[in-house]
Amino acid sequence: MNDVWLTVHRATHQIGGNCIELTTADGHRIILDVGRPLDAPRDARGLLPTSLSIDAPSDGVLISHPHQDHYGILEDIPPEWPVHSGEPTAWLIRLSSAILGKSLPHIFTSWKSGVSFELGPFKVTPIFTDHSAFDAHMLLIDVHGKRILYSGDFRTHGRKSALPRRLMNAPPGNLDVLLMEGTNLGSDKSCISESELESEFVRLFRVTCGRVFVAWSAQNVDRTVTLYRACLKTGRTLVVDLYTAEVMETLADFGDLPRPGWRNLKVVITKALARMYRRTGRAAFVDQMAQHGVSAAKLAQAPSKWVAMVRPSLIRDYVIKDVVPNSDDAWCWSMWRGYLDNEDGASVQAWFADGGSRAAHLHTSGHASPSELRAFAVAMNPKHLVPIHGAAWDENADGFPPITRLCDGQPMACHG
Ligand SMILES: [Zn+2]
Ligand SMILES: [Zn+2]
């Protein structure tokens with residue numbers, strides 16, 4: 001009766017939307033991530049994988065990190081299922097829900113990296129790792145003599161690269177299964193380090209005589225730090241929106257991270273975002289940020305001083321205040337290039353093209369390069385490598401430990 005089954009309900013053949021279940025023959029089960037598919041329309045509901053039963057209880061849902069493609073269907077998960085994550089992850093998930101005017105009824109329990117805990121027969125050890133999301137973890141699961149490592153999303157070139165490298169030097173050993181992401185397989189996306197990226201931003205800030213506008217994800221805290229450090233080195237001031245300011249405020253206590261009130265950092269309080277904050281009952285935060293605020297109109301003065309965040313919702317407010325790009329300005333897309341093709345990306349691109357501003361694409365991937373994925377998998381030395389979170393595993397299977405290829409919803413016996 002010590003049988004253990006692994007089912008990847010979603011993401012065996014796609015990037016994101018992860019949902020994995022481990023089950024024992026005596027009726028215990030845990031779920032690793034409850035992700036939303038990246039291509040799901042914004043308001044779509046009913047995204048639970050069809051093979052995941054929510055009728056029986058679960059010993060727990062474990063959220064590896066606070067990206068939507070790993071937790072975004074939590075609202076469809078029974079509220080009585082206990083949820084476990086890192087503490088910053090819980091904060092960030094609640095913050096994102098609040099922005100959307102929603103509240104999650106689930107009870108979150110926080111784990112500490114490296115400290116094991118038990119859920120029924122499952123012993124779970126969270127292992128802090130490097131990724132573009134703050135607070136990303138790999139999860140080591142021991143159950144009935146079987147050992148499974150779930151990589152979550154990770155990279156080896158960010159500001160926390162020492163973490164996965166340490167794990168590669170001292171792997172857990174005796175792994176039956178490694179469930180590993182493969183986002184960057186089949187691609188040649190830039191995987192330079194964040195500090196190399198910082199140098200590139202410094203160069204861009206120095207050669208630009210006007211403003212530098214940058215589009216990046218507020219939750220990519222490594223990138224916020226990179227931009228802030230480049231501003232300090234060049235005497236510019238980083239201007240972030242209210243949401244980014246709130247992410248920084250929320251996370252500042254979890255590390256030595258820049259926050260509103262620090263030098264060379266200002267918050268632009270725009271009408272649309274402030275209205276949304278007030279509508280969702282969070283007017284106090286807007287008032288609290290006023291002391292660190294800068295009006296959008298200021299961006300039209302002393303242009304060489306600013307590195308300003310840009311996104312479609314900010315553009316509307318910028319235009320009202322006569323902040324319009326010109327040929328002295330530069331703009332930078334600091335996210336995956338593919339997002340430039342969607343509606344939001346195209347509108348940002350068009351705004352700067354109309355103004356004749358110089359374009360730069362300074363970015364590094366949030367995921368490990370293909371060669372690093374191979375090196376990591378080889379170092380873990382599992383009996384079975386189960387591919388997940390990738391769209392090009394089948395064409396790039398060389399150089400990995402023995403691969404067991406699953407389809408979504410197909411159970412795999414980890415015993416025997
Ligand atoms: Zn992901
Ligand atoms: Zn992620």
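The following exercises, with worked solutions, concern a predicted model.

**Exercise 1. Domain arrangement**

Determine how the chain is divided into domains and how far apart the C-alpha centres of domain 1 and domain 2 lie.

*Solution.* Step 1: domain 1 comprises 4-187 + 366-413, and domain 2 comprises 194-360. Step 2: the separation between the C-alpha centres of domain 1 and domain 2 is 31 Å.

**Exercise 2. The contact between the domains**

State how many residues each domain gives to the contact, and how the residues on the side of domain 1 that touches domain 2 divide into nonpolar, polar and charged.

*Solution.* Step 1: with contact taken as C-beta atoms within 7 Å, domain 1 contributes 13 residues and domain 2 contributes 14 residues. Step 2: on the domain 1 side, nine residues are nonpolar, three are polar and one is charged.

**Exercise 3. Strands E7, E8 and E9**

Establish in which sense E8 pairs with E7 and with E9, and describe the turns of the two hairpins.

*Solution.* Step 1: E7 (residues 117-119) pairs with E8 (residues 122-129) in the antiparallel sense, over three bridges. Phenylalanine 117 is placed opposite valine 124 of E8.

Step 2: two residues separate E7 from E8 in their hairpin, and glycine 120 in the turn has a positive phi of about 55 degrees.

Step 3: E8 also pairs with E9 (residues 136-143), again antiparallel, over seven bridges. Here lysine 123 is found opposite aspartate 142 of E9.

Step 4: the hairpin of E8 and E9 has six residues between the strands, and aspartate 135 in the turn has a positive phi of about 65 degrees.

Notes:
Residues are numbered from 1 along each chain as its sequence is written. Chains are lettered from A and ligands numbered from 1 in the order in which they are written. This is a predicted model: local features need pLDDT of at least 70, side-chain atom pairs count only at pLDDT 80 or more; totals for chains, interfaces and linings use all residues. Domain bounds come from an automatic or database domain assignment. Two residues are in contact if their C-beta atoms, placed from the backbone, lie within 7 Å. Ala, Val, Leu, Ile, Met, Phe, Trp, Tyr, Cys and Pro count as nonpolar, Asp, Glu, Lys and Arg as charged, and the others, Gly among them, as polar. Two strands pair if DSSP finds at least two bridges between them. Helices (H or I, at least four residues) and strands (E, at least two) are DSSP runs, numbered from the N terminus.
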